[in-house]
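User: Could you take a close look at one short helix in this model for me? I'd like to know how it sits against its surroundings.

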Amino acid sequence: MTAPVTASERDLRTLAGIVSDDRADLPEDGLPPSLLADLKDQVGCDELGFEGIDSARRETWFGQAIPLFDIWDEDSDRAHWQHHWDWQPCSYPDLTGDLRSIVKIADFYSARQWHSTGMYSDWARPQGFEHQLQLCLPAGPAKTSGPGRTVRLFFFRGPGPDFSERDRALLTLLRPHLHQAYLDAERRRHPAPQLTPRQWDLLHLLAAGHTNTQIARRLGLSEGTVRTHLENIYSRLQVSSRTAAVTRAFPDRDAV
């Protein structure tokens, strides 16, 4: 039996530095470019992409690349979405709901099968991509989350060695910390508005699944007052539903 591949102590120290360093280069969307550059160097790839993907709408709402390269031009974007659902590495998280697994092309296709796909001929080959490793995360707070929305890290290599099980093991260890880094970046970009202590009390009961009637009884309020509090909370959080309010107020409740 083959022993499982594990990361070395040196790898772990390096990973801890990548996610714990205080990064000043916060972009409008995504993760700090310096973090992505360190991640690219640690995994060892030719190019790295970080994207917000809306599979239901067939669109990308943000994209970052290290080094800077344009995989989101009109032609490549059209080719990607033309083959997204037919190409298993892309559609796997959408069809299975499995966002935890770190997947690569060889998990689904032999080299011959991969080279015969439309994704290879229309999208990957023109850009020199032979190998890909993909890490998925939940889309995050309410302003970005929704059905079919994920954020994904793509590691690309040209002709040569494929990504190893060590690379997969490193990213498996790092994944929850990258998720936290992304949530922290979202909070810095969209800080939650200040709520009153009473509104926080109500939100905690809302998050626990209580109805308006139950909340009114617990807090000694009328149901009309509870509805008024909810309307004010929705307005401050810029949401329109109970679920969105809870997700916006407590983003860390989402499963990694």
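Analyst: Quick ground rule before we zoom in: a residue counts as buried when its relative accessible area is under 20%, and as exposed when that value is over 50%. Keep in mind, too, that this is a predicted model.

The helix to look at is H9, residues 212-219, where Asn-212, Ile-215, Ala-216 and Leu-219 are buried. Those four span an arc of only 100° around the axis, so they end up on the same side of H9. Flip to the face turned away from that buried side and you find Arg-217 and Arg-218, which are exposed.

So what do the buried residues of H9 pack against? Three helices: H8 (197-207), H10 (223-237) and H11 (242-249). Right after H9 comes Gly-220, with a positive phi near 70°.

For context, here's the wider core picture. The largest nonpolar core holds 26 residues, and Leu-39, Leu-153 and Phe-155 have the most contacts inside it. Elements giving two or more residues to this core include helix H1 (9-20), helix H2 (33-43), strand E5 (149-157) and helix H7 (165-189). H7 is the top contributor, with six residues. Leaving out residues up to four places away in sequence, Leu-153 touches, among others, Leu-36, Leu-39, Phe-50, Leu-133 and Leu-178.

That brings us back to our helix: a second, separate core of 20 residues includes Ala-216, along with Tyr-234, Val-239 and Phe-250. Ala-216 is one of the buried residues of H9 we started with.

Notes: Residues are numbered from 1 along each chain as its sequence is written. This is a predicted model: local features need pLDDT of at least 70, side-chain atom pairs count only at pLDDT 80 or more; totals for chains, interfaces and linings use all residues. Side-chain values use heavy atoms; hydrogens and water are left out. Buried means under 20% relative accessible area, exposed over 50%, partly exposed in between (1.4 Å probe, protein chains only). The arc is that of the directions from the helix axis to the C-beta atoms. Contact means heavy atoms within 4.5 Å. A nonpolar core is a set of buried Ala, Val, Leu, Ile, Met, Phe, Trp, Tyr and Cys residues joined through side-chain atoms within 4.5 Å.
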